[in-house]
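Student: I should like a close look at the charged side-chain pairs of this model, followed by the helices and loops around which the chain is arranged.

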Amino acid sequence: ICASYGIERGVVSLLENRDQRKVLTTFVNQFYLNCMGRPGDVDGLNYWTGELMAGRRTGADMAEYFFFQNEFTSKNTTDVEFVEYAYRAMFNREPDTSGLAFWVELQQKGVSRRHVLSRMVSVAEFKEQCDKAGIPVGSIALSENRDKNDALTAFVNNLYLQTLGRSGDVDGLNYYTGELLSKRTGGINVVQVMLRSPEFAGRNLPVEEYIRIVYRVMFGREADPVGLAYWMGVGASGVSRDYLLSAMSGAEEFRTVCANLGINVGAVTLTEARDKDAGVTGFVTNAMRSLWGSDADVSAINDLCNQVLANKSAAATVLYNMTLSANFTSRNLDKNGYVIFTFTALCGKAPTTEELGTWTGALTDYHREDLRYSFFMQLAQSPLSCEYFSKQLGSNSFTTQENGIDVSAHKGHFDW
């Protein structure tokens, strides 16, 4: 047509950035369509294509802007939806099953979505999209502590899930990961804080469930039968749960977990008397269960442990004094019951039929306090009792404190 009129065809000048590079404009519009649900406006398309062509902004900058501006965040997307939007905008396709699962799981470990996006802009598929558009890929800067070590954040978030029944809040995750990364605190200390929290304490869990939770948070696995039985035995000895935590933190498995996370193990500070010597505490707890029929309260355990720790050689006297308390006398035991329960307290086991017969015969007059005392100390010096004392207290030597009771007529009976 132009030739028939004898004129030049000419060239149309394209002055807008959005018209300079079709592939790039399509790429930018892809973000508008998928993040904002609308085509790009003229000013927006011109701005982004201009910045990208000039190299002042990168593909990563564009992704960060579109996914963290109000028009997108107001959608309040779920973890799954966030990944679906990201795949459509960044890769121009729907997510595959394994990819979707991977990125959703990463979010659920407690890292921020900015962290997830920073990982997604680094994959080869996004680089291919940027290369086609002729722009640099770039990267997304991360500033939150929870985004500095995926595995550590997952460890802390799992701690929240197992102890408090919820994911970690942003402030909590950033605080604890920061403390651990800086090595201002150790792994066991953060575990202890959670287990001591009112949220967790309010659950009033039995010791078995407590130990199962400790396994999940410290070792990242369920408790094996042998380990569970062992730690339940320790817990049943009367020590505090802090003692349990301290002992379990010494396991090589937990030390390996901390080393792999790049954090210190830390240490639990134990202040209660019942946590100073597990053998003594087991000895006292057995005596309380045998003589008083219960564990009583923590203050009583600590008081009795302090008495034994102050003078292990007088441990038998501490137990005898327990038989004078209302906790024991209110049980109104007959002679047979008295022998059974004192034997169990002093020997760490219930008497056999033969042993019961022997010691019942040794208690000549159950109603006389001096003879009960004589009987008690005679039993305390028996080989079986000495073996039990030695096992629990580290010594089988002890002295008797008579507390004003006339036992002079019975001391000769203590010759073994």
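Student: How many salt bridges does the count come to?

Tutor: The model is predicted, so local features are described only at pLDDT of at least 70 and side-chain atom pairs only at pLDDT 80 or more, whereas totals for chains, interfaces and linings use all residues. Residues are numbered from 1 along each chain as its sequence is written, and side-chain values use heavy atoms, with hydrogens and water left out.

The count comes to 25 salt bridges, a salt bridge being a side-chain nitrogen of Lys or Arg within 4 Å of a carboxyl oxygen of Asp or Glu. Side chains of opposite charge can pair when their charged atoms come close.

One of these bridges joins the side chains of Arg38 and Asp41, at 3.4 Å from N to O. Arg38 has a relative accessible area of 27% and is therefore partly exposed; here buried means under 20% relative accessible area, exposed means over 50%, and partly exposed lies in between (1.4 Å probe, protein chains only). Asp41, at 32% relative accessibility, is likewise partly exposed. The two residues also belong to a network of salt bridges that links Arg38, Asp41 and Glu71.

A second bridge is formed by the side chains of Arg93 and Glu125, at 2.6 Å from N to O. This pair links distant parts of the chain, 32 residues apart: Arg93 is in the loop between helix 5 (79-91) and helix 6 (97-108), while Glu125 is in helix 8 (residues 124-133). Helices (H or I, at least four residues) and strands (E, at least two) are DSSP runs, numbered from the N terminus. Arg93 counts as partly exposed because its relative accessibility is 28%, and Glu125 is partly exposed at 24%.

The side chains of Glu253 and Arg221 meet in a third bridge, at 2.7 Å from N to O. This pair, too, links distant parts of the chain, 32 residues apart, with Glu253 in helix 16 (residues 252-261) and Arg221 in the loop between helix 13 (207-218) and helix 14 (225-235). Glu253 has a relative accessible area of 32%, so this residue is partly exposed; Arg221 is partly exposed at 28%.

Helix 16 also helps to cover helix 11 (residues 187-196). Helix 11 is mostly covered, with 8 of its 10 residues buried. The buried residues are Gly187, Ile188, Asn189, Val190, Val191, Gln192, Met194 and Leu195. What covers them includes helix 9 (150-164), helix 10 (170-181), helix 12, helix 13, helix 15 (241-249) and helix 16, contact being heavy atoms within 4.5 Å.

Certain loop residues also merit attention. Asn204 lies in the loop between helix 12 (198-201) and helix 13. Its phi is near 50°, a positive value in a residue other than glycine, and Asn204 is exposed at a relative accessible area of 65%. Asn332 has its place in the loop between helix 20 (326-329) and helix 21 (335-347); its phi is near 50°, again positive in a residue other than glycine. Asn332 is exposed, since its relative accessible area is 67%. Lys75, in the loop between helix 4 (70-73) and helix 5, is partly exposed at 33% relative accessibility. Leaving aside residues up to four places away in sequence, Lys75 touches Cys35 and Tyr85. Lys75 and Ser197 are separated by 122 residues in sequence and by 34 Å in space, C-alpha to C-alpha.

Helix 18 (residues 298-310) permits a check of length. Its 13 residues should span 18 Å at 1.5 Å a residue, and its end C-alpha atoms are 18 Å apart, which agrees; the expected span is 1.5 Å times one less than the number of residues. In this helix Ala300, Ile301, Asn302, Leu304, Cys305 and Val308 are buried, and the buried residues pack against helix 17 (278-292), helix 19 (315-323) and helix 24 (383-393). An α-helix has 3.6 residues a turn, so residues three or four places apart point the same way.

Finally, the axes of helix 21 and helix 22 (residues 353-362) come within 10 Å and cross at roughly 115°. Helix 21 is therefore roughly perpendicular to helix 22, a description that applies to angles of 65 to 115 degrees. The contact is made by Lys335, Asn336, Val339, Ile340 and Phe343 of helix 21 and by Glu355, Leu356, Trp359 and Thr360 of helix 22. Axes are lines fitted to C-alpha atoms, for helices over the stretch in contact, and angles run from 0 to 180 degrees between N-to-C directions.

Technical notes: Parallel < 35°, antiparallel > 145°, perpendicular 65-115°, else oblique.
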